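Biologist: Could you take a close look at the sheet for me, strand by strand? After that, I'd like a quick tour of a few helices too.

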Amino acid sequence: MAVIPENQALIFKEAGAKLNTILKPEGQEDVRLVQKGLMLYHQGAVHHLKYMVNSIWATVQDVTPVRVFLNVDDPQESSCTCPSGSFCRHRLAAFFQAYSDVASVSDWVANWRQPAIEQINAEKWGLKRAKDLVKNNQHPGLDYDRWVDFFQENFAGIVLAQGKPHAHFVSGLFRSYAMRMETYAPVEAGWRPLYLLAAALHSFRLLTDLAVDAGHDQEATIKRYYWPLFEDLYHDAEKLIERIASGTMPFSFDAVLERLKDDSVHLTVPAIPLSYERIDLYRLLWDKLFRDNAWRKAELARLEAFGDGKRDEIEEVALIHQLLLSKQDGDAIKRFTALPVRSLPYLFYWLDGFHAQREWNRMAPFIEYLIQQLRNYLLHLGDYYSCKKFTQYALNLIRTFTRELGRGELYDRALAQSMPYSFYQYEQTLFEKKHFQQWSELHSYFGFEDYGISGEQLKILQKEAPEVLLPLYHQMAADLIEMKNRTSYKQAVRILKKLRTVYKKLKRTPEWEAFFAKLLVKTKRLRAFHEECKRSKLIQE
C-alpha cells in the first residue's frame, strides 16, 4: 500500500473538507453514492494507489476494474474510466483509501452526516410545533387575505419560532410548515389548487426574505440548503398552474387571480437570491395564468416606467418576457443581447417555449445568439461540471432546431464553440460525416484514449482511413510509457502492436522498424518496459 507523502497530508484533509460541501447528506443520490464508495473501500477494492503531485491514481475493482484519477486540489476535476459523467463511487472509494492515511474515514462520514441529522430533528420539532398551532389557528376558508395571513403566521410560528434558524435547520422546518399549509387547503372544488398556488408563491417570498435576513444568501449556502426547496416549490407551482389553466375557471376566481398577479411582482425584486428560479415562476404565471391583455399591458408599462438603464437584470428579463408575450420579438432580442453574458441561461425558458409550440422562426434569432455567446458564457462559468451540464442542455436544443430547419452548419458551429465540453458529440459528428482527418486532429489535441473509441469505429478506420490512426497510436503509446509503471507499460505494448499492424497494412513496415528501433534506444533504461516488449514478442530474442 502506498504511503501518503507528509507534505501532502494537509492537502488531503482540505480535499476532505471540499467533498464535505460538494456532497449533500440531504440528497438521497449523494447518500447512496457515499454508501457505495464506503462499501468498495471497506471491501479493499482499491489497488495500485499511487500518489502524484496533488493527485492520486488508483485501480478500483468493481464489477470490472476501473482506473481513477483524483485531483486533490479540486475533487470535481477528477476522472474515472467508468461510464459515469459525475463524481462516482470509484472516485470516492479511492479518496477514502487515501484519506485513511491522514485522518479517520469514520469521522469524516460522521461529520458529513451531521447536518442531515440536525435537519431531521428540526423537522420533527417543526411537526410537533405545527400540531401545537392547530389549537390556535382557524381554517382560512376561501378568503385570499386570510390565506396570506395564514401563510405568514404559520411560517413565523414554525420556521421562525426559535429565532432565525441555522441554515442546516431551514429545510426540515420549512417542510413541516409546507405540510401544514397543505393540510389546511380548501376542500371546495377548484379552490384547492388555487390556494396551494398562492401558498407556493408566498413561500417563495418568505424563503427569500429569510435567506437575506438570516445571512444565508451566500451562493454556497443557498445552493445547499435553499435551492432544493425552491426547486420543489417551482415544480409544484408548475403542476398547479397547468391544472388551473386547463380547467374552466369560475368568475369567483377572478379576484384571487388578480391578487396573485399583483403579488407576483415580488418575484422580480432586485438584489435578493435565486433570480433564475424566481423569474421562471414569474414567466410561467404570465404565460399560462395571467392572460388578460389589459393585465399584460399594465405590467409592460410598469416595467417600462423604470426607464432604460434603471432596471435591475431580473426586471429587464421580466420586461423582455412581456415584450415576447406581445409578439414584439425584435425589441426583445435587442434588449436581451444588451445584457451581460451571465444572463445567457435565461434564454432556455423561451427556447423551450418556442420548441414546444414549434415556432421555429421566432426561435431562430435566440438560437443564433446562444451559439454566438456559448464560448464566452462557458469561460464565465468556469466550473467543469457546470459547463458540461450547460453544454449538454444547450446542444440538445440547438440540435433539435437545426435538424428541423436543415441548418446543420449551426450545430457544427455550436459544437466547435463549446469545446472541450462538447468533445464526444463533436468527434461523433465528425466521424459520421467521415471527416476522419479532423476527427484524428481532435483526438490528438485533447489526448487520445483507446477506450474512447469503439470497436466499430476502429474497424471503419482500419478499412477506410488507417493512416489517421498513426498519430493517435504514437501519442498514446508515448503518454503511457511516460507514466513509468508496469501497468502503463503493458497498455503501451498493446497500442504498439496495433501501431505495427497499421504500418504493415499501409505497406510502410520500414518506417515502423526505424521508429521502434529508436524507441528502444530512447527507453533503454526502462527495463520493465523492455520486459513487456519481449513478453509480447515485439522484441525478438
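Modeller: Sure, and keep in mind that this is a predicted model. The sheet is an open one with 4 strands, ordered E1-E2-E3-E4 and paired antiparallel. At its edges sit strand E1 (46-52) and strand E4 (79-80), each pairing on one side only.

Let's walk across it from E1. Strand E1 and strand E2 (residues 55-61) run antiparallel and are joined by 5 bridges. Two residue pairs help you find the register: His47 has Thr59 of E2 as its bridge partner, and Tyr51 stands opposite Ile56 in E2.

Ile56 is a handy residue to hold on to, since its bridge partner in E3 is Leu70. That takes us across to strand E3 (residues 65-71), which pairs with E2 in the antiparallel sense over 7 bridges. Trp57 of this pairing stands opposite Phe69 in E3. As for the chain itself, a hairpin of 3 residues links E2 to E3.

E2 is also worth a look for its burial: 5 of its 7 residues are buried, so the strand is largely enclosed by the rest of the structure.

The last step goes from E3 to E4, again antiparallel, with 2 bridges between them. Here Val68 stands opposite Cys80 in E4, and with E4 we are back at an edge strand.

Now for the helices, starting with H16. Helix H16 (residues 384-405) has 22 residues, and from its first C-alpha to its last it reaches 31 Å, close to the 32 Å expected at 1.5 Å a residue. Its buried residues include the aromatics Tyr385, Phe390 and Phe401, along with Cys387, Ala394, Leu395, Leu397 and Ile398. If you want to see what covers those buried residues, the list includes helix H3 (89-99), helix H14 (347-357), helix H15 (360-381), H17 and H18. Right after H16 comes Gly406, with a positive phi near 65°.

Two of those covering helices also pack on each other. The axes of helix H17 (residues 408-417) and helix H18 (residues 423-432) come within 9 Å and cross at roughly 135°. That angle makes H17 oblique to H18. On the H17 side the contact is made by Tyr411, Asp412, Leu415 and Ala416, while H18 brings in Gln425, Tyr426 and Thr429. As for handedness, H17 passes H18 in a left-handed crossing.

One more helix to finish the tour. Helix H6 (residues 167-183) has 17 residues and reaches 25 Å between its first and last C-alpha, close to the 24 Å expected at 1.5 Å a residue. Its buried residues begin with Ala167 and His168 and continue through Val170, Ser171, Gly172, Leu173 and Phe174. Further along H6, Ser176, Tyr177, Arg180 and Met181 are buried as well.

How values were computed:
Residues numbered from 1 in each chain as written. Predicted model: local features only at pLDDT ≥ 70, side-chain atom pairs only at ≥ 80, totals over all residues. Heavy atoms only, no water. Pairing = 2+ DSSP bridges. Expected span 1.5 Å × (residues − 1). Buried < 20%, exposed > 50% of the residue type's maximum accessible area, 1.4 Å probe, protein only. Axes fitted to C-alpha atoms, helices over the stretch in contact; angles between N-to-C directions. Parallel < 35°, antiparallel > 145°, perpendicular 65-115°, else oblique. Left-handed = near helix turned anticlockwise from the far one by under 90°. Contact = heavy atoms within 4.5 Å.
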